[in-house]
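Before reading on, take a moment to look over the sequence and the structure together. The questions below are meant to be worked through with both in view.

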Amino acid sequence: MPCEGCMERDNKSTDATMEFLLLSFSELLCLRVLLFLIFLIVHLVTLAGNVMIFMAVVMEPSHPPMLFFLCQLSVIELCYTLVIVPKALLSLIVVDGSTISFIGCAAQMHLFVALGGAECFLLVAMSYDRYVAICQPLHYFAVMSEGFCLRLAVACCLGGFAVALGLTVAVFRLPFCQSHRINHFFCDVPAVLHLACTQSYTPELPLLAACVLLLLLPFLLILTSYVCIAAALLHVTSPMGRGKAFSTCISHLAITLLHYGCATFTYIRPKSSYSPARDKMVSLIYTNITPLLYPLIYSLRNKEIRGLLRKMLRRKKITQLNWDTIRAVMCVCGKF
């Protein structure tokens, strides 16, 4: 049954003219400046960390499969934060919240879900990489060839964008009530669904289907990979060899638990249990904290990444030294 004050899209309220108001953290007026500074610092550190990993991998002439996937993960995290954080920062500056157009809100939701979905599929590809490396080490480079890794990466992105497109179209075809106030700092799916003028559970079906495709199925595939890895490690007699093999999976496991834990808590639940304050806090974690933790986890746990970062910093120092030498020579020549 439609709610009172339902606004169907007609000549008076078209998709082009409809706007939403992002309330952000309007209930925390006294903490607005502090939240803005925290958001900004975390955003800049996240960008710097992911850019460093991306540049370190790109500057290497050879790209092992795991480093290739890690490079793609950094690109996804960069885009992920750029889609959400700038608008969130703007909503903290504006006292009454910031407006976003109907098309802008739909675009933000689509990109957010698409990048999150691509990351879900990419985590599956990374778990498969670990499975082949541990369970089929002799065939690793034959199976995880450069062409196969590239096809996996493209499939992850296309899969995420296809599911996100279907979900976004389904959500924004719904009639919305006259109150277009989104109690969130971005156009998240549950927050926008909360504005839909319907009392039935039908609008939640596309979200449920997206959760099955982007969360449940990938998680089951990752779980299957690690069950096979655990079974293979049981046959390893050397404790040192078993520990060394498992240590290569710790970073991926940590990121998987962070990503799927936050996403499951937010999206796999009925609309009746929607809580704006709680959802905003969880969203803060997976849009700001987890992208910040990813570079830290991989740089601390992955020897290859640590080596690449040291090599990149060494090249930077050498380049700076060369420029200083050139400037000194030019100054000396200028005196003569």
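What follows is a set of questions and answers about this predicted model.

Q: How many helices and how many strands does the protein chain have?
A: The protein chain has 336 residues, and buried residues make up 45% of them. Counted as secondary structure, the protein chain comes to 10 helices and 5 strands.

Q: How far does helix α1 reach from its first C-alpha to its last?
A: Helix α1 covers residues 32–58, which is 27 residues. At 1.5 Å a residue the expected reach is 39 Å, and the computed reach is close to that value. Buried residues in α1 include Arg32, His43 and Asn50. From its first C-alpha to its last, helix α1 reaches 38 Å.

Q: What share of residues 148–172 is helix?
A: The unreviewed UniProt entry places the feature "transmembrane region" at several spans, among them residues 148–172. In the model the end C-alpha atoms of residues 148–172 lie 36 Å apart, with 0% of the span in strand, while the share in helix is 100%.

Q: Which two cysteines form a disulfide?
A: A search of the whole structure finds 1 disulfide. Its two sulfur atoms are 2.0 Å apart, which is within the cut-off of 2.5 Å. The cysteines that form this disulfide are cysteine 105 and cysteine 187.

Q: How many residues apart in sequence are the parts that this pair of cysteines ties together?
A: Cysteine 105 is buried, and so is cysteine 187. Cysteine 105 lies in helix α3, whereas cysteine 187 lies in the loop between β5 (181–182) and α6 (189–193), so the pair ties together parts whose separation in sequence is 82 residues.

Q: Why does cysteine 211 form no bond with the closest cysteine sulfur?
A: Cysteine 211 is buried, with a relative accessible area of 7%. The closest cysteine sulfur belongs to cysteine 120, and it is too far for a bond because the distance from the sulfur of cysteine 211 is 9.5 Å.

Q: Which helix gives the most residues to the largest nonpolar core?
A: The largest nonpolar core holds 84 residues, of which Phe20, Phe172, Ile182, Val189 and Val192 touch the most other members. With 17 residues, the helix that gives the most to this core is α3.

Q: Which residues is valine 189 in contact with, leaving aside its neighbours within four places in sequence?
A: Valine 189 is among the residues of the largest nonpolar core that touch the most other members. Leaving aside its neighbours within four places in sequence, valine 189 is in contact with Met109, Val113, Leu167, Val171, Leu207 and Tyr267.

Terms used. Residues numbered from 1 in each chain as written. Predicted model: local features only at pLDDT ≥ 70, side-chain atom pairs only at ≥ 80, totals over all residues. Heavy atoms only, no water. Core = buried A, V, L, I, M, F, W, Y, C linked by side-chain atoms within 4.5 Å. Buried < 20%, exposed > 50% of the residue type's maximum accessible area, 1.4 Å probe, protein only. Helix = DSSP H or I, 4+ residues; strand = E, 2+ residues; numbered from the N terminus. Contact = heavy atoms within 4.5 Å. UniProt positions renumbered as here; feature names shortened; annotations may be inferred. Expected span 1.5 Å × (residues − 1).
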